[in-house]
Amino acid sequence: MSQIDNRPGRNDVVKIRRAGARFAMVAALALSALFVAGQPASAAWKSCDLRVKVNQLRGYDANGKFNILVWKGSAEKSIHLKGVTLNATVQRKACDQPASGMKYYHWAMFKSGDFVRKGDGGYRNWAFFGNWKRPTDKHVIFKPR
């Protein structure tokens, strides 16, 4: 089982799990597009609507093999992801907060798993795409696509 490392102080951590030579090349291209000098390349990605980041990541999964999850670190109660192929953690200004209101945001592309949200929902706290079901408002189970 793969888990995302979201310990405080792990700013701009990027891990890639290799799933063959072709994926390594695609992942390298994805990372070069996602990061420029350690920051997300797209200025359009804002923490007020995490669906924007989900849609960016969907562009790197042309064959539709992976589930995608983007979440604010403080919204995570528990997470268990399997088959993680790409994940990252960045620190960004929280939505509608002063510059001092920096928060950790995470995203992952993976085969299956589950996520339990802490606190309220909304696209400021989480967004996801793929093959999923929600047994409760705060719990999402992802199945292989």
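Q: Is the link of cysteine 48 and cysteine 95 right-handed or left-handed?
A: In this predicted model, the link is right-handed, with 95 degrees about the S-S bond. The sulfur atoms of cysteine 48 and cysteine 95 lie 1.8 Å apart.

Q: How many disulfides does the count come to?
A: The count is one disulfide. As a general point, such a link is a covalent bond between the sulfur atoms of two cysteines.

Q: Which parts does the pair tie together?
A: Cysteine 48 sits in the loop between β3 (39-40) and α2 (51-58), while cysteine 95 sits in the loop between β6 (86-93) and β7 (102-110), so the disulfide ties together parts that are 47 residues apart in sequence.

Q: And cysteine 95, buried or exposed?
A: Cysteine 95 counts as buried because its relative accessibility is 9%, under the 20% cut-off. Cysteine 48, at 35%, counts as partly exposed.

Q: Turning to the interior, which residues of the largest nonpolar core touch the most other members?
A: They are Leu57, Ile68, Val70, Trp107 and Met109, in a core of 14 residues. At least two residues of this core come from each of α2, β4 (67-72), β6 and β7. A second, separate core has twelve residues, among them Trp71, Trp126, Phe128 and Val140.

Q: Why would such side chains be together?
A: In soluble globular proteins, nonpolar side chains tend to be buried together.

Q: How many residues of β4 are buried?
A: Six of the six residues in β4 are buried, so by the under-20% cut-off the strand is mostly covered. Asn67, Leu69 and Trp71 point one way from β4, and Ile68, Val70 and Lys72 point the other way.

Q: What about the strands joined to β4?
A: β4 runs antiparallel to β7, with six bridges joining them. Four bridges join β4 to strand β9 (residues 126-129), and this pair also runs antiparallel. Within these pairings, isoleucine 68 has methionine 109 of β7 as its bridge partner, and valine 70 stands opposite alanine 127 in β9.

Q: What else does isoleucine 68 touch, leaving out residues up to four places away in sequence?
A: Its contacts include Val54, Leu57, Arg58, Phe110, Phe129 and Phe142.

Q: A new topic: where is lysine 133 found?
A: Lysine 133 belongs to strand β10 (residues 132-136). Its relative accessible area is 46%, so lysine 133 is partly exposed.

Q: Which residues does lysine 133 touch, not counting those up to four places away in sequence?
A: Lysine 133 touches His139, Val140 and Ile141. From lysine 133 to aspartate 114, the C-alpha to C-alpha distance is 9.6 Å, and the two are 19 residues apart in sequence.

Methods:
Residues numbered from 1 in each chain as written. Predicted model: local features only at pLDDT ≥ 70, side-chain atom pairs only at ≥ 80, totals over all residues. Heavy atoms only, no water. Disulfide = S-S within 2.5 Å. Buried < 20%, exposed > 50% of the residue type's maximum accessible area, 1.4 Å probe, protein only. Contact = heavy atoms within 4.5 Å. Core = buried A, V, L, I, M, F, W, Y, C linked by side-chain atoms within 4.5 Å. Pairing = 2+ DSSP bridges.
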